[in-house]
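This report looks at a few local features of one protein chain. Please view the sequence and the structure first.

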Amino acid sequence: MTFLDMLRRAERQNGSMLCIGLDPEPARFPGAWQGDASRIHDFCAAIVEATADLAIAFKPQIAYFAAHRAEDQLEQLMATMRRLAPQVPVILDAKRGDIGSTAEQYAKEAFDRYGADAVTLSPFMGFDSVEPYLRREGKGAFLLCRTSNPGGDDLQAQRLASVPGEPLLYEHVARQAQGPWNLNGQLGLVVGATYPAEIEQVRAVAPTLPLLIPGVGAQGGDAVATVRAGWRPDAPIVVNSSRAVLYASGGDDFAAAARRVATETRDLLQAARPA
C-alpha cells in the first residue's frame, strides 16, 4: 500500500481531513504533569487515544521530543500510535534536507528508527537530497513549498528568471514535485493555511499531490478557505492543527477537550468541501 493509499483509507474511514500535530510542551501539560518531560509520551498517547477515530494523520514534530532528550519516548509513541490507531498514517515532521549518505541516514532515522509513514523535507538542496527517501517503497515525503510563516516570502515568493515562464520559487517546487521528481508517486507538498490563494495556485500546478497544510487553529488559518482552495476528490489534503487541539484544556479533562476541539475542526473541514 502506498502512502497516498493510506491517506485515502484514513480519509474514508475517519471521514476526516484533520491532521493532529503532536508538539508536546511540558510547560503546558495539565495538573501534576506540568513541566515534567518524562510525561511526553503519556500526554501524547492520551491525545492519540482520544482522537484516533477523528484524524487523517498524526504529525509528531521531532524537535519537541529531541529538545527534552525524549527521542526514546518518540519511539515509544510511534509504537503506541500503531496500537491505538493502526488505520492512521504518521508523518514525522523533521524538515530534513541534506545529500548523499547523510540523507540516507536521515531516511533510516525516520523510517527505520521511528517507523514513520512519511517525513517532511526541505527541497532547497535539490533532487539528490530527496531521492534517498524515495527508495523506500510505500513511504511518503512532503516537500516544503509555500510555508505558513511570513518569512517564507523571503525565498519562496521570489521569481526564477532562469526558468521558462519565470515562476515563483514555490511554484517551481510544486511543478518539480508533480512531475520529474515524483518517481513513484510518493511526494506531497507543504502549503500553509495562512495563504489560501497560494494553496489554490499550488493545486493548479500540482493537481494530484496530497497537500499537508499547517496553520489552522493557533496560527489563524481559515479552515473553510483552505478546503475550498486545496481539496479535490482524488487528491487528499491533510490539514494540521496542533496547539488548538493539544491545549484545549489545562485541566485533567485535557484529552476530552482535545477530542471536542478535534471533532469540531474535523466537522468544519468536512462541511467546507465543495458540493
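## Local features of the chain

Threonine 80 counts as buried, because its relative accessibility is 8%, and the cut-off for buried is under 20%. The model described here is predicted. Threonine 80 is part of helix α4, which covers residues 71-84. Apart from neighbours within four places in sequence, threonine 80 is in contact with His41 and Ala45.

The next element is strand β3. Of the 6 residues of β3, 5 are buried, so the strand is largely enclosed by the rest of the structure. Strand β3 runs parallel to strand β4 (residues 118-121), and 3 bridges join the two. In this pairing, isoleucine 91 stands opposite alanine 118 of β4. Between the two strands the chain passes through α5, and the resulting β-α-β crossover is right-handed.

The loop between β3 (91-96) and α5 (100-113) holds isoleucine 99. With a relative accessibility of 36%, isoleucine 99 counts as partly exposed. Together with Phe124, Met125 and Leu155, Ile99 forms a nonpolar patch on the surface, and the accessible area of the four adds up to about 440 Å².

The count of salt bridges comes to 13. Among them are the three in this table.

| Salt bridge | Closest N and O atoms |
|---|---|
| Aspartate 93 and lysine 95 | 2.8 Å apart |
| Arginine 96 and glutamate 109 | 3.0 Å apart |
| Glutamate 198 and arginine 146 | 3.8 Å apart |

Aspartate 93 is buried, at a relative accessible area of 5%, whereas lysine 95 counts as partly exposed at 41% relative accessibility. Both residues belong to a network of salt bridges that links Lys59, Asp93 and Lys95.

Which parts does the salt bridge between arginine 96 and glutamate 109 tie together? Arginine 96 lies in strand β3 and glutamate 109 in helix α5, so the pair ties together parts that are 13 residues apart in sequence. Arginine 96 is buried, with 19% relative accessible area, and glutamate 109 counts as buried at 17% relative accessibility.

The salt bridge between glutamate 198 and arginine 146 links distant parts of the chain, 52 residues apart. Glutamate 198 sits in helix α9 (residues 196-205), and arginine 146 in strand β5 (residues 140-146). At 19% relative accessibility glutamate 198 counts as buried, and arginine 146 counts as buried at 2%.

Methods:
Residues numbered from 1 in each chain as written. Predicted model: local features only at pLDDT ≥ 70, side-chain atom pairs only at ≥ 80, totals over all residues. Heavy atoms only, no water. Patch = residues over 30% accessible without salt bridge, like charges linked within 9 Å, V, L, I, M, F, W, Y side chains within 5 Å. Areas by Shrake-Rupley, 256 points an atom, 1.4 Å probe, with all protein chains shown as cover. Salt bridge = Lys/Arg side-chain N within 4 Å of Asp/Glu carboxyl O. Helix = DSSP H or I, 4+ residues; strand = E, 2+ residues; numbered from the N terminus. Buried < 20%, exposed > 50% of the residue type's maximum accessible area, 1.4 Å probe, protein only. Pairing = 2+ DSSP bridges. Right-handed = clockwise from strand over helix to strand, strands pointing away. Contact = heavy atoms within 4.5 Å.
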